[in-house]
Amino acid sequence: MSPEFKERSVCGYCGEYKRCARLILAKPACELCRLRFSRAPKTCPGCGEVKVLAFYDSDGRPACAACTGAKPVYGCATCGREDSPFGRTCGPCVLSERATALLADATGQVRPELLPVFEALMAARRPRTVLYWFHRSSGPAILRAMAKGEIEISHGVFDRLPQDKASVFVHELLATVGVLSPFNSRLEQVTPWPKNHVMGPRE
Ligand SMILES: [Zn+2]
Ligand SMILES: [Zn+2]
Ligand SMILES: [Zn+2]
């Protein structure tokens, strides 16, 4: 961040007179425009990876920091990837952290029996969908209780839980990933979260 851009100036993207702390493609960018830009990564013409193309390369093409020798200010603070921004880190890093916390036993690591669930969550096409599910469903609490050993990991335990969409979904998830044996579920009628969101390859 060069000192001259700490001042207010006309944002080269929205045209408003604001504090513009960063140059994007050689134009001052305000915080909002910077955020918008960092959330729209594209395929870099230099390395072919999906990156934030905020710099010009020697051919005058928008390219990533790595290909232009610029500071990698758009990378995830944990893993460096730029294709799935989620605050200071990326979607997969946030998901990995929260899924580990959800499925951890007393050691702080994912309970071994639940590793296939962790892998299925991590394989979700959209990490944000899973993160949303963590907050909006009562299903994750069932997984948490299983991870802590408060309830057993079995078909029988679901007979004693409320028969709502969330518990049917978790029951089906455990069978789909092989933690429990297959069973005839009612998922087709009640799924709150289409199966391909859990099991499909990431986009
Ligand atoms: Zn702006
Ligand atoms: Zn590149
Ligand atoms: Zn990351």
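Here is a walk through this predicted model, from the whole chain to its zinc sites, one helix, a few loop residues and the aromatic pairs.

Let's start with the overall picture. The protein chain has 203 residues, and 41% of them are buried. Its secondary structure comes to ten helices and ten strands. If you look at contacts between residues at least 6 apart in sequence, 39% of them join residues at least 24 apart. On the outside, the accessible surface of the chain adds up to about 11400 Å², with carbon and sulfur atoms accounting for 52% of that area.

Now turn to the zinc ion that is ligand 1. Four cysteines hold this ion through their SG atoms, namely Cys11, Cys14, Cys30 and Cys33, at 2.2 to 2.3 Å. The angles among the four donor atoms run from 104 to 117°, and the site is tetrahedral. Along the sequence, the donors follow the spacing C-x2-C-x15-C-x2-C. What does the pair Cys14 and Cys30 tie together? Cys14 sits in the loop between strand E1 (8-10) and strand E2 (17-19), while Cys30 sits in the loop between strand E4 (27-29) and helix H1 (31-38), so the pair joins parts that are 16 residues apart in sequence. The two cysteines can also be set side by side for burial: Cys14 is partly exposed at 32% relative accessible area, whereas Cys30 is buried at 1%.

An aromatic pair also involves the loop that carries Cys14. The search of the whole structure turns up four aromatic pairs. In one of them, the ring centres of Tyr13 and Phe37 are 6.2 Å apart and the planes meet at 55°, so this pair counts as tilted. Tyr13 belongs to the loop between E1 and E2 and Phe37 to helix H1, so the two rings tie together parts 24 residues apart in sequence. Tyr13 is partly exposed, with a relative accessible area of 33%, and Phe37 counts as buried at 19%.

Just before E4 comes a loop with some unusual backbone angles. Leu25 lies in the loop between strand E3 (22-24) and E4, and its phi is near 45°, a positive value in a residue other than glycine. Ala26 is in the loop between E3 and E4 too, with a positive phi of about 65° although it is not a glycine. Buried or exposed, where does Ala26 fall? Ala26 counts as exposed, at 61% relative accessibility, while Leu25 is buried at 15%.

Further along, have a look at Ala65, which lies in helix H2 (residues 65-68). Ala65 is buried, with a relative accessible area of 1%. Setting aside neighbours within four places in sequence, Ala65 touches Val52, Phe55, Ala70, Lys71 and Pro72. The C-alpha atoms of Ala65 and Ala54 are 7.3 Å apart, with their positions eleven residues apart along the chain counted as separation.

The zinc ion that is ligand 3 has its own set of cysteines. Its donors are the SG atoms of Cys76, Cys79, Cys90 and Cys93, at 2.2 to 2.3 Å. With donor angles of 105 to 115°, this site is tetrahedral. The sequence spacing here reads C-x2-C-x10-C-x2-C. Cys90 is buried at 1% relative accessible area, and Cys93 counts as buried at 18%.

Finally, there is helix H5 (residues 127-136), whose buried residues are Pro127, Val130, Leu131, Trp133 and Phe134. Seen down the helix axis, these buried residues fall within an arc of 155°, so they line one face of H5. On the other side of H5 you'll find Tyr132, His135 and Arg136 exposed. What do the buried residues of H5 pack against? Their partners are strand E9 (85-86), helix H3 (91-103), helix H4 (115-122), helix H6 (139-147) and helix H8 (165-176).

The rings add detail to the contact between H5 and H8. Ring pairs link Trp133, Phe134 and Phe169 into a cluster. Trp133 and Phe169 are both buried. Their ring centres are 5.5 Å apart and their planes stand at 75°, so the pair is edge-to-face. With Trp133 in helix H5 and Phe169 in helix H8, the pair links distant parts of the chain, 36 residues apart.

Key: Residues numbered from 1 in each chain as written. Chains lettered and ligands numbered in written order. Predicted model: local features only at pLDDT ≥ 70, side-chain atom pairs only at ≥ 80, totals over all residues. Heavy atoms only, no water. Donors = N, O, S within 2.8 Å, 3.2 Å for Na, K, Ca; no water. Tetrahedral: all angles 85-135°; square planar, octahedral: opposite > 155°, others 65-115°. Helix = DSSP H or I, 4+ residues; strand = E, 2+ residues; numbered from the N terminus. Buried < 20%, exposed > 50% of the residue type's maximum accessible area, 1.4 Å probe, protein only. Arc of directions from axis to C-beta. Contact = heavy atoms within 4.5 Å. Areas by Shrake-Rupley, 256 points an atom, 1.4 Å probe, with all protein chains shown as cover. Phe/Tyr/Trp six-rings, centres within 6.5 Å; stacked < 30°, edge-to-face > 60°.
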